[in-house]
Amino acid sequence: MGQEPATQLFISHHSSKLPIALELEKSLAKYGVTCWLAPRDVEPSEAFDMAIKRAINESCATLLLFCSKSDKSPHVKRELILADSSRKAIIPMRLEELAPDELAYHLASSQWIDWLEQRESTIERVAAKAHQLAGTVQKTMTVDDLIEHSGNDETNVAPVPPVSEQADEPESEAVYEEYDDWEPEKAAPNWTLIVGLAALFVAAVAGFLIWSTMGRDEPVPPIDLTEIPSKPTDENETIEPEPEPVAKPIVPKPLPADGPSFDCTKASQRVEFLICNTPELARLDRTLSTVYKSAMKAAGPNAPRLQRQQRAWRTETRDTCPGTACVATAVRERLALLRAIAAGNLDVPRDRPRGDFRSEFSDAINNSQNQIADENMVEQDRQNPN
């Protein structure tokens, strides 16, 4: 069976971020995603505007490398306008911690992806979303399935360097300076044709006026619009306005009883695929969602802090687990803490420095003996459900 055609992403970027765009292209290649970059992929003698329009139409989405320079680049703004007109999704990837200014209108309804940390997880999300938009894979496929689907070997792809090593290079700025300041060339007006058409129009109007006055002895009297009878109306008749259509309420589709607390059709991360495909993890996720809601009610004024800590635990602890046993251990530890808060036996802890959320079980991830114990615990819970 032949290999599936590759999924293409159009990368909109400032020329100073070309090294990051090239590294992203290498990392996305192992998931079967190719990238189109300007001006590198513009064919010889092809117009820039037509080449960019064609590439956006042939791509499943536009990946924006957002920074302070791309926010003020008129070239990037034109690319986003073309993407909107072609009904192509825009995936903004934030390279710097700042809010959009010139591009705020085009990014108002888009979900941000940060390149500041967890770069490998970011690449997985972008690749999964690209394949979903292109329709080349099913939504329930895992990241490993995406790598197998692309036919690439992960060891052949160079690792993504840290952001500190991807500094702006003055050579790239100099080479592509003309590309960022490029404006489409305007065609010069053909004044000879314009003058000829204007003279022809004047001659036609003069000829019509001369023809219309020939053979008339007296001018035609003007028409009195008041003498034209109007449509009879009934004075007692009342015109009732048409009732406005009532919008039907949107009823959310209920989640499966044996599934997790989120919709698996919208899963985009590796751990989410793992939870959807493991019944034991799905049950733990449902229990965690119920206990978390009870803890939020009991937290009172500390509810925002608990919500912030829950989000940090999910991204920095659960989503970094390599397998089923690690995810089960992380969820059970979090359940013990949330149950104590919900019962009023424990106050919401103070915020800890970033990176400390993994300290409670980071040794268990790298310790093979603890992993075996976690797997045995999962088997016992499966035999004796709550």
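Start by selecting residues 191–213: that is helix 9, and Phe 201 sits in it. Keep in mind as you go that this is a predicted model. Show the side chain of Phe 201, which counts as exposed because its relative accessibility is 57%, over the 50% cut-off. Now add Val 202, Val 205, Phe 208, Leu 209 and Trp 211; together with Phe 201 they make a nonpolar surface patch of about 690 Å².

Next stop, the sheet. Switch to cartoon and pick out the 5 strands, which form an open sheet with parallel pairing, in the order 2-1-3-4-5. Select 33–36 and 113–114 to see the edges: strand 2 and strand 5 each have a single partner strand, so one side of each is left without a neighbour in the sheet.

Stay with strand 5 and add residues 89–94, which are strand 4. These two strands pair in the parallel sense over 2 bridges. For one bridge to look at, click Arg 94 and then Asp 114, its bridge partner in strand 5.

Now bring in the helices that go with the sheet. Helix 5, residues 119–134, packs on it and touches strand 1, strand 2, strand 3, strand 4 and strand 5. Its direction makes about 120° with that of strand 1. Then select 74–85 for helix 4, which lies across strand 1 (7–12), strand 3 (61–66) and strand 4. Against strand 3, helix 4 runs at about 155°.

On to the charged pairs; the structure holds 9 salt bridges. Select Lys 17 and Glu 96, whose closest N and O atoms are 3.8 Å apart. Where does each partner lie? Lys 17 is in the loop between strand 1 and helix 1 (18–29), while Glu 96 is in the loop between strand 4 and strand 5, so this salt bridge ties together parts that are 79 residues apart in sequence. Turn on a surface and check the two: Lys 17 is buried, at 7% relative accessible area, whereas Glu 96 is partly exposed, at 25%.

Hop over to Arg 40 and Asp 41, where the side chains meet in a salt bridge at 2.9 Å, N to O. Arg 40 is partly exposed, with a relative accessible area of 41%. Add Glu 25 to the selection: salt bridges with shared partners join Glu 25, Arg 40 and Asp 41 into one network.

Last stop: Arg 318 and Asp 319. Their salt bridge has its closest N and O atoms 3.0 Å apart. Are these two residues buried or exposed? Both are buried.

Technical notes
Residues numbered from 1 in each chain as written. Predicted model: local features only at pLDDT ≥ 70, side-chain atom pairs only at ≥ 80, totals over all residues. Heavy atoms only, no water. Patch = residues over 30% accessible without salt bridge, like charges linked within 9 Å, V, L, I, M, F, W, Y side chains within 5 Å. Areas by Shrake-Rupley, 256 points an atom, 1.4 Å probe, with all protein chains shown as cover. Salt bridge = Lys/Arg side-chain N within 4 Å of Asp/Glu carboxyl O. Helix = DSSP H or I, 4+ residues; strand = E, 2+ residues; numbered from the N terminus. Buried < 20%, exposed > 50% of the residue type's maximum accessible area, 1.4 Å probe, protein only. Pairing = 2+ DSSP bridges. Contact = heavy atoms within 4.5 Å. Axes fitted to C-alpha atoms, helices over the stretch in contact; angles between N-to-C directions.
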